[in-house]
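These notebook entries record what I looked up, element by element. I began with helix packing and then turned to single residues and the contact between chains.

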Amino acid sequence: MSEDVAAKRCLIEVNNLWTRFGDHIVHKDVSLSVDRGEVLSLVGGSGSGKTTLLRQMMGLETPSAGEVKVFGVSLQHSDADEVQRIRNRWGVLFQQGALFSALTVYDNIALPLRELGTVDEDLIRELVLLKLQMVGIEGAHGAKMPSDLSGGMVKRVALARALALEPELLFLDEPTAGLDPDRSESFVSLIEDLRRELELTVVMVTHDLDTLISLSNRVAVLCDQHIVAIGPLAEVVKNSHRFICNFFQGERGKRALTAVHEALVR
Amino acid sequence: MSFDTPVHAGRMSQPNTTPRLEPQLRQVTAGADDRLELSGPWILRALEERLADLSRQLAEYARDANRHWDLTGVTRLDHAGAMLLWRAWGGQRAAHLTLRPEHEALFSGLSVHRQRLPGPARDWREPLVVLGEQVVGFRDHVLQFVRLVGQIVIDGSRLLRHPGEAPAREISAGIYRAGAQALAITALVGFLVGIVLSYLSAQQLKTFGADIFIINLLGVSIIRELGPVLAAMLVAGRSGSSMTAQLGVMRVTEELDAMTVMGIPHTTRLILPKVISLAISMPLVVAWTCTVALIGGMIAAQWELGIPYSLFLQRLPEAVPIANLWLGLGKSVVFGLLIALIACHFGLRIEPNTESLGSGTTDSVVTAITMVIIVDAAFAVMFSDVGTF
């Protein structure tokens with residue numbers, strides 16, 4: 001298989017990345033790649049730099065050393081136009097939703113489409129209503145302001161906005177944080193359905209074991225400035241690293257894993 | 001007929017980006033069979049630049065209801081592409097359609113009836129409603145302001161009885177921020193205004209040979225009017241806006257609610273210290289501004305009229321009755337109270353969204369400056385016979 005084919009399959013490449021905040025080293029020589037069509041979860045303790053790594057992949061932060069390539073374009077060494085062009089190919093769901101509080105739900109989703117400047121208002125309306133329908137929100141809520149929405153609805157609207165430009169790549173930062181178990185269950189299955197339907201590649205940061213288990217193909221564990229394990233969940237769980245043991249073999253981890261196992265057997 | 005567009009050579013030459021293929025449509029006529037073949041990626045990113053063009057062409061082709069649509073050549077399809085076709089077909093599936101099985105789901109999702117957005121209701125009574133809302137809104141403002149003042153009086157009198165509970169650190173921090181940090185800007189503005197005023201007056205006075213009256217003119221106008229009003233405007237812009245924005249952000253981030261549930265009243269912790277510190281620092285800033293403005297005026301007078309500094313300083317107390325100074329300082333205490341109260345009033349009304357934060361801060365500064373000028377006019381009328389000969 002030629003290198004070219006491998007590069008096409010690989011959407012995100014992180015090469016020898018270092019992050020320093022003053023004297024504090026967050027990432028030490030981290031390398032990682034995300035393939036087309038997979039769901040990669042970043043796991044790690046608080047302060048282990050998961051969110052920082054995610055933000056570096058979106059180009060919101062620049063690593064101290066090393067390179068991040070998305071769609072084969074280096075975020076550090078490419079000109080602004082090229083980076084701008086790939087920005088439309090990914091969508092981001094921020095932890096708090098990051099909806100524009102001065103715009104209605106409808107306008108929030110319509111904004112990226114209007115920003116293109118080529119889509120007529122008629123098509124924008126159809127697309128916005130379609131996205132709202134996809135995330136399970138009635139069109140009548142379109143006129144509401146973000147401050148009038150519940151936490152779960154904010155996440156759904158934010159997801160609809162992230163999908164507005166039909167991205168190939170979706171970044172999720174704590175997709176289920178702050179949702180009740182029922183809501184997070186349905187949100188997870190919503191993401192799973194959309195992922196399958198739209199053939200999305202997903203990179204996600206999560207603390208929630210249920211989300212992790214039900215969504216991800218591969219898991220990368222960040223600990224002590226390194227990626228200590230990466231691979232399918234079943235393999236990572238067997239790793240004997242201290243953090244992984246605590247994370248998955250702790251009371252909560254066991255419970256979640258058993259539940260999954262039972263579900264699989266059934 | 002063909003609408004094939006060659007792939008952009010420029011894009012192909014860049015090894016880093018994937019070659020961009022264009023969405024294509026081609027009409028194939030073989031005997032009675034009239035087919036329209038679509039191929040390439042029909043996704044938003046590829047369609048974007050030719051959207052208007054394509055949608056017109058599609059509408060043209062869709063007029064013939066019996067046309068056969070062949071979408072098997074479409075490599076990639078997304079909702080935008082599907083919606084474009086769907087719209088051309090008049091909100092329904094084309095009668096004769098062949099497409100890849102993986103694209104079937106995209107179209108089946110479209111056929112579900114989507115709820116329309118409720119359109120904005122037009123009503124001839126709207127101007128009346130807006131007017132009514134403004135009147136009610138103004139009443140709300142007044143009521144809330146009165147309530148705020150009342151609450152501060154209650155809290156203040158409580159603090160007088162228990163002086164130990166006074167938020168001393170907040171007050172001193174407020175004096176530092178609103179007073180000490182404002183010294184540079186007020187000095188600059190005061191100095192320049194003093195020079196300009198003195199220079200322009202000197203030119204007029206020279207023609208009458210009334211040079212010596214420059215001291216009376218500058219002394220009274222700066223100490224009684226200009227100093228307090230100038231300083232109040234600067235402080236309203238500087239400290240008033242920051243107070244409003246601070247309270248507004250605390251509302252947005254739910255910090256105000258956090259204080260409420262801890263049983264810490266906003267008025268004692270946040271508002272009272274601001275009001276007291278501005279009431280204390282305002283006369284100090286005004287005294288400073290007046291001093292610097294007079295120095296500026298003195299320099300210009302020496303320069304333009306040849307009045308020596310010693311004469312200026314010697315004549316000043318004789319020319320300006322001391323009552324003017326007390327009036328100026330007294331006014332400035334009132335200005336300080338007003339600016340802080342208005343800033344806090346608007347800060348507490350801010351709703352948890354960014355637009356409200358911006359407009360609230362603007363309203364606060366505009367109202368504060370307007371009120372300063374109105375109150376200044378009221379003072380001028382009330383004390384018209386004070387401090388004159």
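**Entry 1. Packing of α3 and α4 in chain B.** I asked how α3(B) and α4(B) lie relative to each other, and they proved to be oblique. I worked throughout with a predicted model. Helix α3 of chain B covers residues 51-62 and helix α4 of chain B covers residues 79-88; their axes are 8 Å apart and meet at an angle of about 40°. An angle of about 40° is not under 35 degrees, the limit for roughly parallel, and it falls short of the 65 to 115 range for roughly perpendicular, so the class is oblique. I noted the handedness of the crossing of α3(B) and α4(B) as right-handed. On the α3(B) side I listed Leu54(B), Ser55(B), Leu58(B), Ala59(B) and Ala62(B), which meet Leu84(B), Leu85(B) and Ala88(B) of α4(B). By class, I recorded 7 nonpolar residues, 1 polar residue and no charged residues in the contact of α3(B) with α4(B).

**Entry 2. Packing of α11 and α13 in chain B.** I next examined helix α11 (residues 266-305) and helix α13 (residues 322-349) of chain B, whose axes come within 8 Å and cross at roughly 140°. The pair α11(B) and α13(B) is therefore oblique as well. The crossing of α11(B) and α13(B) is right-handed. From α11(B) the contact includes Ile271(B), Lys274(B), Leu278(B), Met282(B) and Cys290(B), and from α13(B) it includes Leu329(B), Phe335(B), Gly336(B), Ile339(B) and Cys344(B). I entered the composition of the contact of α11(B) with α13(B) as 17 nonpolar, 4 polar and 1 charged.

**Entry 3. Packing of α4 and α6 in chain A.** I then moved to chain A, where α4(A) and helix α6 (residues 151-162) pack at an angle of about 25° with their axes 8 Å apart. This makes α4(A) roughly parallel to α6(A). I found the crossing of α4(A) and α6(A) to be right-handed. Val105(A), Asn108(A), Ile109(A) and Pro112(A) are the contributions of α4(A), and Val157(A), Ala160(A) and Arg161(A) are those of α6(A). The residues of the contact of α4(A) with α6(A) comprise 5 nonpolar, 1 polar and 1 charged.

**Entry 4. Two sides of α10 in chain A.** Which residues of helix α10 (residues 242-249) of chain A are buried? I found Ile244(A), Phe247(A) and Phe248(A). They span an arc of only 80° around the axis, which places them on the same side of α10(A). I also checked the face of α10(A) turned away from its buried side and found the exposed residues Arg242(A) and Asn246(A) there.

**Entry 5. Positive phi outside glycine.** I looked up two residues of chain A. Ala98(A) has phi near 50°, a positive value in a residue other than glycine, and it sits in the loop between β6 (90-93) and α4 of chain A. Ala98(A) is partly exposed, with 16 other C-beta atoms within 10 Å. Glu166(A) is not a glycine either, yet has a positive phi of about 50°. Its place is the loop between α6 and β7 (169-173) of chain A. Is Glu166(A) buried or exposed? I counted Glu166(A) as buried because 23 other C-beta atoms lie within 10 Å.

**Entry 6. Leu32 of chain A.** I located Leu32(A) in strand β2 (residues 24-35) of chain A. Leu32(A) is partly exposed, with 19 other C-beta atoms within 10 Å; the threshold for buried is 20 or more. Apart from neighbours within four places in sequence, Leu32(A) is in contact with Val14(A), Ala220(A), Ile227(A) and Ile230(A).

**Entry 7. Gly164 of chain B.** I placed Gly164(B) in the loop between α6 (126-161) and α7 (168-178) of chain B. Gly164(B) counts as exposed because it has 6 C-beta neighbours inside 10 Å.

**Entry 8. Contact between the chains.** Lastly I tallied the contact, which takes 27 residues from chain A and 26 residues from chain B. In chain A, α4 (105-116) and α5 (121-134) each supply at least two residues of the side that touches chain B. The most comes from α5(A), with 6 residues. I classed the side of chain A that touches chain B as 13 nonpolar, 8 polar and 6 charged residues.

Technical notes. Residues are numbered from 1 along each chain as its sequence is written. Chains are lettered from A and ligands numbered from 1 in the order in which they are written. This is a predicted model: local features need pLDDT of at least 70, side-chain atom pairs count only at pLDDT 80 or more; totals for chains, interfaces and linings use all residues. Two residues are in contact if their C-beta atoms, placed from the backbone, lie within 7 Å. Helices (H or I, at least four residues) and strands (E, at least two) are DSSP runs, numbered from the N terminus. Ala, Val, Leu, Ile, Met, Phe, Trp, Tyr, Cys and Pro count as nonpolar, Asp, Glu, Lys and Arg as charged, and the others, Gly among them, as polar. Axes are lines fitted to C-alpha atoms, for helices over the stretch in contact, and angles run from 0 to 180 degrees between N-to-C directions. Angles under 35 degrees count as roughly parallel, over 145 as roughly antiparallel, 65 to 115 as roughly perpendicular and the rest as oblique. A crossing is left-handed if the near helix is turned anticlockwise from the far one by less than a right angle, and right-handed if clockwise. A residue is buried if 20 or more other C-beta atoms lie within 10 Å of its own, exposed if 12 or fewer, and partly exposed in between; C-beta atoms are placed from the backbone. The arc is that of the directions from the helix axis to the C-beta atoms.
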